[in-house]
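Hi,

Here is the structure I said I would pass on. Have a look at it first, and my notes follow underneath.

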Amino acid sequence: MKAKILVTGGAGYIGSHTTVELQNAGYEVVILDNLSNSNAEVIDGIERITGIRPAFEKMDMQDKEALRRLFEKHKGIKGVINFAASKAVGESVKKPLLYYRNNLVTMLNLLDLMPEYGVEALVFSSSCTVYGQPDVLPVDETAPIKPALSPYGNTKQICEEIITDTIHAGAPFKSILLRYFNPIGAHPSAEIGELPLGTPQNLLPYITQTAIGVREQLSVFGDDYDTPDGSCIRDYIYVVDLAKAHVKAIERMLENKSQDNVEIFNLGTGKGVSVLELIHTFEEATGVKLRYKIAGRREGDITQVWADPRKANTVLGWKAETSLADTLKSAWNWQLHLREKGIM
Ligand code: NAD
Ligand code: UFG
């Protein structure tokens, strides 16, 4: 058995897929989650996939004493992957204090306690949102950080700065900041996947829910952008590929391969895909026709962004491998699984 890793927010979408990959790679995982945006049954799904039930602590990471008790109970945690956060961009505009409190207090508690318990490595879930609308595409890690468009985006920038300042001040651990592009899809087993509460804000869950008839019609937010087909362009990355990058990041720090105590990597495919292209690829890959209409632009959307993932490819030794068609099929299989179980 390799090192013990704490996965905060491990019952969530990306955390659950990452737990599977960590366990497959031989790591021992402790999950911490308050289930504010997830469900305890996810732990069963992880066990069905890997044959191993990760330790699970239901607790709020804003509670520093509860976090201390976790470190006391699970002695010897060597690395932390910090997924726990609130993540709905629109909600963050309406409830900024909730977002600043949850995303910053949890991070501060962790940074306070990590040195006391000898934790050597921290992976942080950041986002390409820190680049805003980049001046140069594809965007690499040296691109300037743009003013955040939402309190949520701001918490990502602030957390990156807090971690960097803490390590520069001599904290005894390393960190890797992973800037995700647009994670989509579900585990090929359809045992775990994305389960948005209420009406989905993100494109792919809206597509699969429209395809299965939960939503009547998909709205394409704008076809008058300055892109080849007029719709916005993103870099959609398969969640299982993304999960594997976290294993690489933990390995890199625990095996002392980092070139710097804080490193940053873009996690994307390197390919931009428009909303209309995504819709058509979904239809081809699944054989399901989608009802959609062109609607007005969504406030705050940037026109186009895709990653230059070369640093992750060469330095981290990670590459996105799964085709968009296979990724979209996995999302559709997950939606069919939810229907079978009567969840949606
Ligand atoms: P998610 O909501 O599915 O997972 C986050 C988990 O954290 C949830 O299970 C939630 O219950 C838990 N949580 C939240 N606050 C907590 C607290 N105070 N204490 C304990 N648990 C808490 O989200 P996700 O899509 O898996 O995202 C994981 C991380 O990646 C987040 O930090 C998110 O901001 C970041 N990220 C996500 C995307 C994306 O598009 N999904 C893109 C870039 C970055
Ligand atoms: N879109 C539609 N119709 C919908 C939903 C989305 O046309 O019903 C369009 C959006 O306008 C955008 C694209 O689909 O052009 C992707 O939208 P998402 O909401 O799925 O993703 P975003 O790129 O807007 O943002 C997501 C996360 C952010 C994160 C960012 C980068 O929501 O938290 O990716 O990681 F910061």
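To start with something to chew on: by class, how many nonpolar, polar and charged residues does the lining of the largest cavity have? I'll come back to that in a moment.

First, how far to trust the coordinates. This is a predicted model, and the chain averages a pLDDT of 97, with 100% of the residues scoring at least 70. Confidence is lowest in helix H4 (residues 89–94), where the mean is 94, and highest in strand S1 (residues 4–8), at 99.

Now the cavities. Searching the whole structure turns up 2 cavities of 30 Å³ or more. The largest one has a volume of about 120 Å³. It is lined by 14 residues, and Glu194, Pro205, Thr208, Trp334 and Gln335 are the closest to its centre. H7 and H11 are the elements that give two or more residues to that lining. And the answer to my opening puzzle: 9 nonpolar, 4 polar and 1 charged.

The second largest cavity has a volume of about 30 Å³. Its lining is made up of Asn82, Ala84, Ala85, Asn103, Thr106, Phe124, Lys156 and Cys159, with helix H5 (96–116) and helix H6 (151–168) as the elements that give two or more residues. By class, that lining splits into 4 nonpolar, 3 polar and 1 charged.

Helix H11 deserves a closer look. It runs over residues 324–340, which makes 17 residues, and spans 24 Å from its first C-alpha to its last, close to the 24 Å expected at 1.5 Å a residue. Its buried residues are Thr327, Leu328, Ser330, Ala331, Trp332, Trp334, Gln335, His337 and Leu338. Among the elements covering them are strand S7 (182–184), helix H7 (203–211), strand S10 (236–238) and helix H9 (275–286). So that you can find the end of the helix: just after H11, Gly342 takes a positive phi of about 75°.

H11 turns up once more, at a pocket. The second largest pocket holds about 200 Å³ of space, and S10, H9 and H11 are the elements that give two or more residues to its lining. S10 gives the most, with 3 residues. In total 16 residues line this pocket, and Tyr236, Thr269, Lys271, Ser323 and Leu324 lie nearest its centre. Sorted by class, the lining of this pocket has 7 nonpolar, 5 polar and 4 charged residues.

Happy browsing!

Key
Residues are numbered from 1 along each chain as its sequence is written. Chains are lettered from A and ligands numbered from 1 in the order in which they are written. This is a predicted model: local features need pLDDT of at least 70, side-chain atom pairs count only at pLDDT 80 or more; totals for chains, interfaces and linings use all residues. Side-chain values use heavy atoms; hydrogens and water are left out. pLDDT is the predictor's confidence in each residue, from 0 to 100. Helices (H or I, at least four residues) and strands (E, at least two) are DSSP runs, numbered from the N terminus. The expected span of a helix is 1.5 Å times one less than its number of residues. Buried means under 20% relative accessible area, exposed over 50%, partly exposed in between (1.4 Å probe, protein chains only). Contact means heavy atoms within 4.5 Å. On a 1 Å grid over the protein atoms alone, a cavity is a set of points where a 1.4 Å probe fits but cannot get out, and a pocket is an open set with protein on both sides within 12 Å along at least five of seven lines; lining residues have an atom within 4 Å of a point. Grid points are joined across faces, edges and corners, and a volume is the space filled by probe spheres set on the points. Ala, Val, Leu, Ile, Met, Phe, Trp, Tyr, Cys and Pro count as nonpolar, Asp, Glu, Lys and Arg as charged, and the others, Gly among them, as polar.
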